[in-house]
Amino acid sequence: MSSAGSNASPVAGPSKKRKLNEVDASPEPTQKTAKIHPFFAKRQPTSSEPTPESTFKWLKPLGPTGSCLHGANLDPKASPKVAFLDLDGTVIQSDFASKTPKGQKPTWAWWRSFVPDRLKELYDSGYAIVLITNQAIKPAALTTWKEKIPLIGQALSQVPFRILAATQKDQYRKPMPGMWYEIERIFKEEGVEIDKSNSFFVGDAAGRQYPKSKGDFSSTDRKWALNVGLPFFTPEEYFLKLPRHENISMPGFHVSSLPNLPHITPTSSPIIPSPKKQETVLFVGYPCLGKSTFFRRYFEPEGYVHINQDTLKTREKCVKALRENLEAGKSCVIDNTNRNVATRKPYIDLCKAHNVPIRCFLFTGSAELAWHNNLYRAFNMPPSAAAKEPTRALLPYLAFTSFREGYEEPQMSEGYSEIKKVNWVFEGTEEERQRWSMWLQIDGK
């Protein structure tokens, strides 16, 4: 990791959004942390709009649905050097367990009393300050939270900063990299490209484990830094300069766990029969395992008819389309998930009745891989690649769990002339591979 100003050192330590008495003592001079900033003696604004004396303002939310809140304190300027920081458990203390009584102002306390001074030092040394936070909380709690940020801004009256907050489980929620793409875009509009080697991210969701106490609640901050390519520090590493904590856990699916398999097996027979003859090909597998792409690459150029329930809406219409095309002497591909014997039987029976052979192509990837691909194609494809594909909304997780619960592996005894397995092999540009290879999670540890 590269140095990030005089405060950055590549060392680690404990935290969870942990209680302060569970964290190693600070090497700074001891000073009792005020539970409520003295600034709160003044009357505070109760709406999301700043009062005339406020240094902070909420800007237009980001994203197609406005799910990423965007605010600015003072007049922050873009800089190649950026200090990205999580908010709760990093800049201020976590207070998820506490609720602000109705009609009262929200309260907060610095993670450590010296945090404002450190942020001022970073700003003075040329860093842009950007707070990156997940806030997928209930509407009433979010309203209160939005009232708190201007108060933090006024307490940092000499520190310009931006804040981005993901309020839904979508492309902006860490470790998904949506907030990074927005900051990249905002800075480029000011003519500035972020220098990752001289920037960094500080967050407490680092996946640290401890033998006799509870570890970090998640590893999403560490994963976010890995996704966007930034040096990562925990608050203890960056602010307290504690030694690196080596016992790290990052649960969840990552593409590095995939085995290296041939794309198609067996290889003894061709994908397209030679010489060509009328046939039906039936696909089986989770959504998002490349079935439609496979059709377009291999079968569409050969004139096969594409039969797909997403387009035709019902299985009955798919069966009808197969009957009509078989009678017309055409070859067809049934591009559905076809998870069990009962679902597949009508197509097999039709082929038998018309004396047309039917082959099965089994797409073998796991539910975890399919969900990962779902997140990639809905949220993380490069714009240049997404422009070439039909717009795809995120499929619900139920689409994957229902397939898994009802799955029956195809058998030759069902009536196929051949079963081929199609193993997942990523095919795309280096930029596409880089984005596909990220930690893609919207509701995980």
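Guide: A residue is called buried here when its relative accessible area is under 20%, and exposed when it is over 50%. The model under discussion is a predicted one.

Visitor: Is F299 buried or exposed?

Guide: The limit for a buried residue is under 20% relative accessible area. F299 has a relative accessibility of 0%, so F299 counts as buried.

Visitor: Which geometry do the rings of F299 and F361 adopt?

Guide: F299 belongs to helix 6 and F361 to strand 12, so the pair joins distant parts of the chain, 62 residues apart. F361 is buried as well, at a relative accessible area of 0%. Planes over 60 degrees apart count as edge-to-face. The ring centres are 5.7 Å apart and the planes stand at 85°, so the pair is edge-to-face.

Visitor: In what order do the six strands of the open sheet lie?

Guide: Strands of a sheet pair through backbone hydrogen bonds, either parallel or antiparallel. In this open sheet the pairing is mixed. Strand 8 (264-265) and strand 10 (305-307) each pair on one side only and are the edge strands. Read across the sheet, the order is 8-13-12-9-11-10.

Visitor: In strand 13, which residue is the bridge partner of F363?

Guide: Strand 12 (residues 358-363) pairs with strand 13 in the parallel sense, over five bridges. Within strand 13, the bridge partner of F363 is V422.

Visitor: What angle does the direction of helix 6 make with that of strand 9?

Guide: Helix 6 (residues 291-299) packs on the sheet and touches strands 8, 9, 10, 11, 12 and 13. Its direction and that of strand 9 (280-284) make an angle of about 155°.

Visitor: And what angle does the direction of helix 8 make with that of strand 10?

Guide: Helix 8 (residues 315-327) also packs on the sheet, where it touches strand 9, strand 10 and strand 11. The direction of helix 8 makes with that of strand 10 an angle of about 160°.

Visitor: The side chain of N423 reaches the backbone oxygen of which residue?

Guide: N423 is found in the loop between strand 13 (418-422) and helix 13 (430-436), and is buried with a relative accessible area of 9%. Leaving aside neighbours within four places in sequence, N423 is in contact with L261, P262, H263, T265 and T364. With the side chain of T364, the N423 side chain makes a polar contact at 2.8 Å. The backbone oxygen that the N423 side chain reaches, at 2.8 Å, is that of P262.

Visitor: What distance separates the C-alpha atoms of N423 and G290?

Guide: Along the chain, N423 and G290 are 133 residues apart. Their C-alpha atoms are separated by 9.8 Å.

Visitor: How many disulfides does the model contain?

Guide: A disulfide requires two cysteine sulfur atoms within 2.5 Å. For C332, the nearest cysteine sulfur belongs to C351 and is 8.0 Å away, and C332 is in no disulfide. C332 is nevertheless buried, at a relative accessible area of 0%. By this rule, the disulfide count is zero.

Visitor: Which residue of strand 6 is the bridge partner of F84?

Guide: In strand 3 (residues 82-85), V82 and F84 point one way and A83 and L85 the other way, and all are buried. Four bridges join strand 3 to strand 4 (residues 128-134), with the two running parallel, and F84 stands opposite V130 of strand 4. Strand 3 also pairs in the parallel sense with strand 6 (residues 200-202), over three bridges. In strand 6, the bridge partner of F84 is F201.

Visitor: How far apart in sequence are the parts tied together by F200 and F233?

Guide: F200 and F233 are both buried. They form an edge-to-face pair, 5.9 Å centre to centre with 85° between the planes. F200 lies in strand 6 and F233 in strand 7 (residues 232-233), so the separation in sequence of the parts they tie together is 33 residues.

Visitor: With which side chain does the side chain of T55 make a polar contact?

Guide: T55 lies in the segment before strand 1 (56-58). Its contacts, leaving aside neighbours within four places in sequence, are A72, N73, L74, G153 and Q154. The T55 side chain reaches the backbone oxygen of G153 at 3.1 Å. At 2.6 Å, the side chain of T55 makes a polar contact with that of N73.

Conventions
Residues numbered from 1 in each chain as written. Predicted model: local features only at pLDDT ≥ 70, side-chain atom pairs only at ≥ 80, totals over all residues. Heavy atoms only, no water. Buried < 20%, exposed > 50% of the residue type's maximum accessible area, 1.4 Å probe, protein only. Contact = heavy atoms within 4.5 Å. Polar contact = N/O pair within 3.5 Å; in protein donor to acceptor, adjacent residues only side chain to side chain. Pairing = 2+ DSSP bridges. Axes fitted to C-alpha atoms, helices over the stretch in contact; angles between N-to-C directions. Phe/Tyr/Trp six-rings, centres within 6.5 Å; stacked < 30°, edge-to-face > 60°.
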